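User: I am new to reading protein models and would like to go through this one by question and answer. Please explain each term as it comes up.

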Amino acid sequence: MDGGADRHDGLDRHSEVDRHEDVDKHWSDPEGSRQVMRFGVAILATALLTGVIIAIWAATRDACETADALLCDGASQGAMVAGPALVLAAGWIGAFVITFRRWREGRVWPIWQGAGWFFFFLLLAYLSIGGSVITSGG
C-alpha cells in the first residue's frame, strides 16, 4: 500500500515541477525583446504607409478630384479601413504564430503573446473607429 502512495507522491512532485517551470517569472530574453520591438515597429510603420498610399490613391482618383472630402466615396473609404486593418491583422496573427512556435521550442514566449494581444486590440479599435466614420457618412 505504501508503494502506491510513493508512486502517487512522485507523480505529484513531477507535475509540480513542470507547472512551476511553466509559470516561472524569471524569464529574460533581451534578444527576443529586441525582435518583438522591431516586429511591432515594422507592423505599425507598414500600416501607416499603407494608409498614406491609400490616401494618395484616393486623392488622385477622378471620382474624388473635385470632392471636398479626401475619402469621397465608398471605394476609397473601404480601402482606407481595409488596407491598414489587413496589415494589423497580419501583425496580430503573426505574433501569435511566433508565440506558439517559441512556446513549442521551450523559449521565452510571453512578450510575443503580449504583442499579439496589442495588435488584436489595436485592430479592433481601428475597425471600430473606421467603421463608425464610414457609417456616419464622414
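The turns below go from the overall fold to the core, the surface and the charged pairs.

Analyst: This is a predicted model, in which local features need pLDDT of at least 70 and side-chain atom pairs count only at pLDDT 80 or more, while totals for chains, interfaces and linings use all residues. Residues are numbered from 1 along each chain as its sequence is written, and side-chain values use heavy atoms, with hydrogens and water left out.

User: In what order do the elements of the protein run from the N terminus on?

Analyst: Helices (H or I, at least four residues) and strands (E, at least two) are DSSP runs, numbered from the N terminus. The protein has four helices and zero strands, and the order of its elements is α-α-α-α.

User: Which helix gives the most residues to the largest nonpolar core?

Analyst: A nonpolar core is a set of buried Ala, Val, Leu, Ile, Met, Phe, Trp, Tyr and Cys residues joined through side-chain atoms within 4.5 Å, where buried means under 20% relative accessible area, exposed over 50% and partly exposed in between, with a 1.4 Å probe and protein chains only. The largest such core has 13 residues, and among those with the most contacts inside it are Phe39, Ala95 and Trp112. Helices H2 (30–60), H3 (74–104) and H4 (110–136) each give two or more residues to this core. The helix that gives the most, with five residues, is H3.

User: Is Ile56 buried or exposed?

Analyst: Ile56 has its place in helix H2, and together with Leu48 and Val52 it makes a nonpolar surface patch of about 290 Å². Such patches are made of residues with over 30% relative accessible area and no salt bridge, with like charges joined within 9 Å and nonpolar side chains (Val, Leu, Ile, Met, Phe, Trp, Tyr) within 5 Å. The relative accessible area of Ile56 is 52%, so this residue is exposed.

User: How many residues apart in sequence are the parts that Asp29 and Arg102 tie together?

Analyst: A salt bridge is a side-chain nitrogen of Lys or Arg within 4 Å of a carboxyl oxygen of Asp or Glu, and the side chains of Asp29 and Arg102 meet in one at 2.4 Å, N to O. Asp29 lies in the loop between helix H1 (2–23) and H2, whereas Arg102 lies in helix H3, so the parts tied together are apart in sequence by 73 residues.

User: Which residues are linked with Glu31 in a network of salt bridges?

Analyst: The side chains of Glu31 and Arg34 meet in a salt bridge at 3.0 Å, N to O. Glu31 also forms a salt bridge with Arg38, with the closest N and O atoms 3.2 Å apart. The residues linked with Glu31 in the network are therefore Arg34 and Arg38.

Terms used:
Areas by Shrake-Rupley, 256 points an atom, 1.4 Å probe, with all protein chains shown as cover.
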